[in-house]
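Biologist: Could you walk me through this one slowly? I'd like to ask about it bit by bit.

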Amino acid sequence: MIILGIETSCDDTCVGIIEASEKKKSRIKILSNLVSSQVKLHRRYGGVYPLLARREHKKNLPQILKKALREAKNSRPDLIAVTKGPGLEPCLWIGVNFAAELAEKFTSILMPVNHLEAHIYSSFIKKDFNFDEVFPAVCLIVSGGHTQLVLIGSFGRYRLLGETRDDAAGECFDKAARTLGLPYPGGPAIEREAAKIKARKRTKKRLELSFPRPMMNQKNFDFSFSGLKTAVLYDYRSRTPRVRKSKTYVRAAAREIQQAIIDVLIHKTLRAAGEFNVKSIILGGGVTANQELRRQFKKKRKKELPAVKLIMPDPAFSTDNALMTAVTAYYHWLKNKKPSVKDLKAEANLRLGK
Ligand code: KG4
Ligand code: ZN
């Protein structure tokens with residue numbers, strides 16, 4: 001069967017088309033994967049400007065769809081999957097309405113997808129895992145809008161263990177980068193600056209900074225990143241203009257911000273995985289594109305929980321894309337073949353699990 005995914009929850013306009021067996025869970029064939037990034041447009045605002053993003057989605061979607069269908073040799077989609085939430089409401093509506101019209105035109109089944117659930121299954125786009133060997137699992141979803149630890153009993157059964165009480169980890173990267181004068185999105189910019197330190201000779205004198213690891217040692221599975229963001233701002237302000245504009249300072253701050261976030265995320269995820277005795281840890285969301293986070297996760301998991309699998313998305317699928325939307329809909333379709341959804345609505349604050 002052919003599944004077409006549409007994702008417009010934030011600032012990327014995405015269309016993806018996959019092919020897989022209608023009868024049983026099978027290897028997924030990617031026919032098209034298009035992501036039209038609006039990063040350059042939003043850069044001057046230092047973040048995503050929702051109404052501008054909405055306008056761009058409206059303009060881009062028809063063009064991207066045309067190209068995606070061409071790449072997929074114009075195969076008729078049997079299923080059209082669309083992100084219904086969570087996300088920016090004006091942007092979600094563009095995708096939802098577009099998908100509904102398309103489903104009518106092609107007489108395809110229309111299926112809404114939870115964007116957080118799609119981030120969970122982004123790891124399953126390229127690799128075909130046997131779910132019996134994967135679940136129960138703990139999933140860390142870290143994106144620009146969310147930081148959550150979710151316990152997955154089996155496919156479709158989710159229990160929220162904890163989440164951020166204020167800023168998401170990606171948001172913290174973005175805001176701290178802004179303080180340091182680095183471009184949007186902040187995650188990749190901070191990663192680049194932090195990596196420059198490693199390349200330098202060890203003999204050179206380094207500037208050592210120390211930022212907090214909020215809530216790291218608390219027994220719950222919640223997070224908080226606004227204190228870290230504020231600590232960065234205060235430290236920046238306490239420096240002379242000459243120091244804070246220097247490469248040495250920006251790189252040292254970037255490295256410490258990244259390490260503080262990594263420490264908290266890994267510590268809490270491994271603790272959850274150990275406590276709930278799971279078979280695997282799944283990572284998802286834009287922040288999991290971070291190479292240093294991936295490297296340290298692998299190392300610590302191997303040392304502390306050698307029997308637990310670590311499943312990470314291909315970095316290209318960490319950030320928003322529509323393949324993960326299509327794949328999630330595909331698994332739901334296999335589980336319970338429901339008819340097309342009528343009167344589909346966008347839900348900006350859609351949640352996952354209990
Ligand atoms: O999942 P995503 O594409 O969109 C949301 O659903 O929010 O995540 C975007 C977030 C941004 O905050 C961005 O700064 C962060 O992911 N991000 C990264 C990296 N690439 C993207 N954070 C750290 N390191 C990266 N390499
Ligand atoms: Zn996302």
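Modeller: Sure, and keep in mind that this is a predicted model. Ask away.

Biologist: Let's start with Phe-225: which residues does Phe-225 touch, not counting residues up to four places away in sequence?

Modeller: Close sequence neighbours, up to four places away, are skipped here. What remains includes a run from Asp-166 and Asp-167 to Ala-168 and Ala-169. Phe-225 also touches Cys-172 and Thr-164. The others are Thr-147, Ile-261, Val-264 and Leu-265.

Biologist: Which residues touch the most other members of the largest nonpolar core?

Modeller: That core has 51 residues. Phe-225 is one of those that touch the most other members. The full group is Phe-225, Ile-261, Leu-265, Ile-281 and Phe-297.

Biologist: And which element gives the most to this core?

Modeller: Several elements give two or more residues, among them strand 6 (137-142), helix 8 (226-238), strand 9 (280-284) and helix 11 (291-304). Helix 10 (247-275) is on that list too. With 15 residues, the top contributor is helix 10.

Biologist: How many residues are in the other core, the one that lies apart?

Modeller: Its members include Met-1, Ile-28, Val-134 and Phe-135. The number of residues in that core is 39.

Biologist: Is Glu-191 buried or exposed?

Modeller: Glu-191 sits in helix 7 (186-199). Its relative accessible area is 19%, and the cut-off for buried is under 20%. So Glu-191 counts as buried.

Biologist: How far apart in space are Glu-191 and Gln-258, C-alpha to C-alpha?

Modeller: Along the sequence, 67 residues separate the two. Even so, Glu-191 is in contact with Gln-258, and also with Ala-289, Asn-290, Gln-291 and Glu-292. From C-alpha to C-alpha, the distance is 7.2 Å.

Biologist: Now the holes! Which element supplies the largest share of the lining of the largest pocket?

Modeller: The largest pocket has a volume of about 1,300 Å³ and is lined by 46 residues. Nearest its centre are Cys-10, Ser-143, Gly-144, Gly-145 and Asp-174. Strand 3 (29-37), helix 4 (115-120), strand 7, helix 6 and helix 7 each supply at least two lining residues. The largest share, six residues, comes from helix 6.

Biologist: By class, how many charged residues are in that pocket's lining?

Modeller: Sorting the lining of the largest pocket by class gives 15 nonpolar and 20 polar residues. The charged count is eleven.

Biologist: How much space lies in the second largest cavity?

Modeller: The structure holds two cavities of 30 Å³ or more. Residues lining the second largest one include Ser-26, Arg-27, Phe-124 and Tyr-331. By class, its lining has four nonpolar, one polar and four charged residues. The space in it is about 40 Å³.

Biologist: Why is helix 12 described as largely enclosed by the rest of the structure?

Modeller: Helix 12 covers residues 323-335, which makes 13 residues. Its buried residues include Leu-323, Met-324, Tyr-330, Tyr-331 and Trp-333. Helix 12 is largely enclosed because the number of its 13 residues that are buried is ten.

Biologist: How far apart are the end C-alpha atoms of helix 3?

Modeller: Helix 3 has 18 residues, so at 1.5 Å a residue it should span 26 Å. The model agrees with that, as its end C-alpha atoms are separated by 26 Å.

Biologist: What covers the buried residues of helix 3?

Modeller: Those buried residues include Cys-91, Leu-92, Phe-98 and Phe-106. The cover includes two strands early in my list, strand 1 (2-7) and strand 4 (79-85). It also includes helix 2 (50-71) and strand 5 (109-114).

Biologist: Where is the cis peptide bond that involves Pro-86?

Modeller: Most peptide bonds are trans. Pro-86 lies in the loop between strand 4 and helix 3. Omega is near -10° for the cis bond, which runs from Gly-85 to Pro-86.

Biologist: Last one: is Asn-74 buried or exposed?

Modeller: Asn-74 is in the loop between helix 2 and strand 4, and its phi is positive, near 55°. Its relative accessible area is 57%, and exposed means over 50%. So Asn-74 is exposed.

How values were computed: Residues are numbered from 1 along each chain as its sequence is written. Chains are lettered from A and ligands numbered from 1 in the order in which they are written. This is a predicted model: local features need pLDDT of at least 70, side-chain atom pairs count only at pLDDT 80 or more; totals for chains, interfaces and linings use all residues. Side-chain values use heavy atoms; hydrogens and water are left out. On a 1 Å grid over the protein atoms alone, a cavity is a set of points where a 1.4 Å probe fits but cannot get out, and a pocket is an open set with protein on both sides within 12 Å along at least five of seven lines; lining residues have an atom within 4 Å of a point. Grid points are joined across faces, edges and corners, and a volume is the space filled by probe spheres set on the points. Ala, Val, Leu, Ile, Met, Phe, Trp, Tyr, Cys and Pro count as nonpolar, Asp, Glu, Lys and Arg as charged, and the others, Gly among them, as polar. Helices (H or I, at least four residues) and strands (E, at least two) are DSSP runs, numbered from the N terminus. The expected span of a helix is 1.5 Å times one less than its number of residues. Buried means under 20% relative accessible area, exposed over 50%, partly exposed in between (1.4 Å probe, protein chains only). Contact means heavy atoms within 4.5 Å. A nonpolar core is a set of buried Ala, Val, Leu, Ile, Met, Phe, Trp, Tyr and Cys residues joined through side-chain atoms within 4.5 Å.
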